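Me: I have a structure open and would like to talk it through with you, one question at a time. Shall we start?

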Amino acid sequence: MAHEIIAATNAVVTLDVALPGIVWGWIITMNMWAKSIGTGIIFIAFYLLKKYPEQTGFIRLPSVVISIIFIHMFLFFTVIDLHQMFRFWHIFFHPHMTSTITLGAWLAAGFVGIILTMAYFLYIKKDEAMYDKLLAYGVVLAVPVTLYTAGLMAQSTARELWQMPTESIQMMLAAFLAGSATMLLVGGNKFSDEIKKDLALILGFSALTAFIMYMLELVFGPMKAEEVAATLEFVKGGEYTFMFWLGQIVAFLIPMVLVCKSIKDKSYYLLKIAAVSALVGLWITKHVWLVIPQLLNLS
Amino acid sequence: MQLGFLVDLRLCMGCKGCEIACKVENEVPLSTWRLRVKYVDVGSFPETKRTFTPLRCNHCANAPCVRICPVSALHYIENGIVNIDKERCIGCAGCIMACPYGAIYIDPLTQTADKCTYCAHRVASAMMPACVVACPVEANIFGDLDDPMSNISKYIQEHQGNVQVRKAEKGTDPHHFYVGGGNVTLNPLASLREEGFGLFNNLTHLPVGGHH
């Protein structure tokens, strides 16, 4: 409708202040990307330890170490993005519980507590049974930790592109994609062909589903609201078109093709390339989706 | 008490007196604004017209910025104003992401969120907001929406059918009204905003982070 109004009225802004550009930039992309790995590896570790307990015991330590590293990366990038980072403690001492930022901080704190306790029982106490018990709680908490960013995006009323439940599904898929890709890189050839195939399928189906969802957004999104239509123009011939498609190809299409080929050829080498491609592409895809709604003039 | 604002766009002549008064009263730093007047030219020569739209925080009854703020830095005060506690703000910019009107900015001096507060400090002393006082044509009308005898309530009653709010579809229930507005003045997508030097100044965006 806005296009028609411009065509009919020839309305042009002739005097205005400079409007804010991108406020949430690459630091927030790093935040989302690192969190996908940090929680995703816990999901995948839980799955493997339940389904293949005899063959996958060795993943306990690397899984929890990777989760600790990436969740702390996520927390680090969360804090450094604050304009007043040394007031971060306000979230815990002046919490406003309608905010998903507050909920996310509390949940992430709980999740960090669990994975640190898991590491303690595994490395210091050598107690694998307790580790496995805590892992179940970790999985339960990893779900809302993964999803809260989608809640935050849904609360961002000004950004029509970020919708619930689409974003929540994309967050879960990103966690499965990143978790399976990381596990493939960590496990190497220690995994049996059956386990590799399982991980490959998780990677492939996550990539396929996420790709389909992005394409559906691209086609049907503009029908929801003119703001979505205007936002998607940035990836439909606009300045983020190349980056968007690069992300889709590297994150989803290349891994899908390589997964199919690796299953057919039983080639672990191809799976490693697929895993690296998925992790790199996920960052690009997340970044584009984060940035483009911020390019729209709100007033 | 529910304080509200109304701008009669038919009266506004784009003098920017309100904008300057706001800057001075609230010491708003350079490259940021609490209140601005946007000029939009409509039509083709010789049938052209210039429109002026003062834009500020809408002090919504269902404010997304209040909801998303993790530390209650953005909060309601008893007269309905959405106020900000800059000492509590952590600068997460969630409110900037949430406000559909682009009315919130990061103050480059304090590194905290800031916005129009309807001059809450003046209102507390029974004074009118600075922009209301500065307007030479009384295009800004401020008052209690709960009082049917207030100027703003009477104005809304008199102009029923010609009172608009921005982005009503967002469900924010703004307490900032316009009379004589239309798509071109109130919908930012309904006018072309080309980057670069235009008629009066350089139309641009601030770099990453939201300020120079």
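Me: Is helix 7 of chain A largely enclosed by the rest of the structure or largely open, and how many of its residues are buried?
Reply: Happy to help, and keep in mind that this is a predicted model. Buried here means under 20% relative accessible area. Helix 7 of chain A has 22 residues, and it is largely enclosed by the rest of the structure because the number of buried ones is 18.

Me: What end-to-end distance does helix 7 of chain A have, and what should it span?
Reply: The helix covers residues 166-187, and at 1.5 Å a residue its 22 residues should span 32 Å. The C-alpha atoms at its ends agree with that, being 31 Å apart.

Me: Which residue just after helix 7 of chain A takes a positive phi?
Reply: We can look right past the end of the helix. There, with phi at about 55°, sits Gly188(A).

Me: Which peptide bond in chain A is cis, with omega of about 0°?
Reply: Most peptide bonds are trans, so a cis one deserves a look. The proline involved is in the loop between helix 6 and helix 7 of chain A. With omega at about 0°, the cis bond joins Met164(A) and Pro165(A).

Me: And which residues does the cis peptide bond with omega near 5° in chain B join?
Reply: Its proline is in a loop too, between strand 2 (36-44) and strand 3 (47-55) of chain B. The bond runs from Phe45(B) to Pro46(B).

Me: Is Thr231(A) buried or exposed?
Reply: Thr231(A) belongs to helix 9 of chain A, residues 226-232. Leaving out residues up to four places away in sequence, Thr231(A) touches Leu161(A), Ile292(A), Pro293(A) and Leu296(A). Its relative accessible area is 2%, so Thr231(A) is buried.

Me: Is Tyr137(A) buried or exposed?
Reply: Tyr137(A) sits in helix 6 of chain A, residues 128-155. The cut-off for exposed is over 50%. At 51% relative accessibility, Tyr137(A) therefore counts as exposed.

Me: How far apart in space are Tyr137(A) and Ile114(A)?
Reply: In sequence, 23 residues separate Tyr137(A) and Ile114(A). Going from C-alpha to C-alpha, the distance in space is 7.6 Å.

Me: Which residues is Arg67(B) in contact with, leaving aside its neighbours within four places in sequence?
Reply: Arg67(B) is in helix 2 of chain B, residues 64-68, and at 29% relative accessibility it counts as partly exposed. Its partners in chain A are His96(A), Thr98(A), Ser99(A), Gln155(A) and Thr157(A). Within chain B, the partner is Asn62(B).

Me: What phi does Ser31(B) have?
Reply: Most residues other than glycine have a negative phi, so a positive one is worth checking. Ser31(B) lies in the loop between helix 1 (17-26) and strand 2 of chain B, and it is partly exposed at 28% relative accessibility. Its phi is positive, near 70°.

Me: Where in chain B is Gln111(B)?
Reply: Gln111(B) has a positive phi of about 55° although it is not a glycine. With a relative accessible area of 22%, Gln111(B) is partly exposed. Its place is in the loop between strand 6 (105-107) and strand 7 (112-114).

Me: Zooming out, how many helices and strands does chain A have?
Reply: Read along the sequence, its pattern is α-β-α-α-α-α-α-α-α-α-α-α. The count comes to 11 helices and 1 strand.

Me: What radius of gyration does chain A have, and what would a compact globule have?
Reply: With 299 residues, a compact globule would have a radius near 19 Å. Along its principal axes, the C-alpha trace of chain A spans about 70 × 55 × 25 Å. The radius of chain A agrees with the globule value, at 21 Å.

Me: How much of the accessible surface of chain A belongs to carbon and sulfur atoms?
Reply: The accessible surface of chain A comes to about 12,200 Å². The share of carbon and sulfur atoms in it is 72%.

Me: How far apart are the mean positions of the positive and negative charges of chain B?
Reply: Chain B has 7 helices and 12 strands. Its charges number 19 positive and 20 negative. Their mean positions are apart by 4 Å.

Notes. Residues are numbered from 1 along each chain as its sequence is written. Chains are lettered from A and ligands numbered from 1 in the order in which they are written. This is a predicted model: local features need pLDDT of at least 70, side-chain atom pairs count only at pLDDT 80 or more; totals for chains, interfaces and linings use all residues. Side-chain values use heavy atoms; hydrogens and water are left out. Helices (H or I, at least four residues) and strands (E, at least two) are DSSP runs, numbered from the N terminus. Lys and Arg count as positive and Asp and Glu as negative; His and the chain ends are not counted. The place of a charge is taken as NZ of Lys, CZ of Arg, CG of Asp or CD of Glu. Buried means under 20% relative accessible area, exposed over 50%, partly exposed in between (1.4 Å probe, protein chains only). Contact means heavy atoms within 4.5 Å. The expected span of a helix is 1.5 Å times one less than its number of residues. The radius of gyration is taken over C-alpha atoms; the globule rule is 2.2 Å times the number of residues to the power 0.38. Accessible areas come from the Shrake-Rupley method with a 1.4 Å probe; for residues, only the protein chains shown count as cover.
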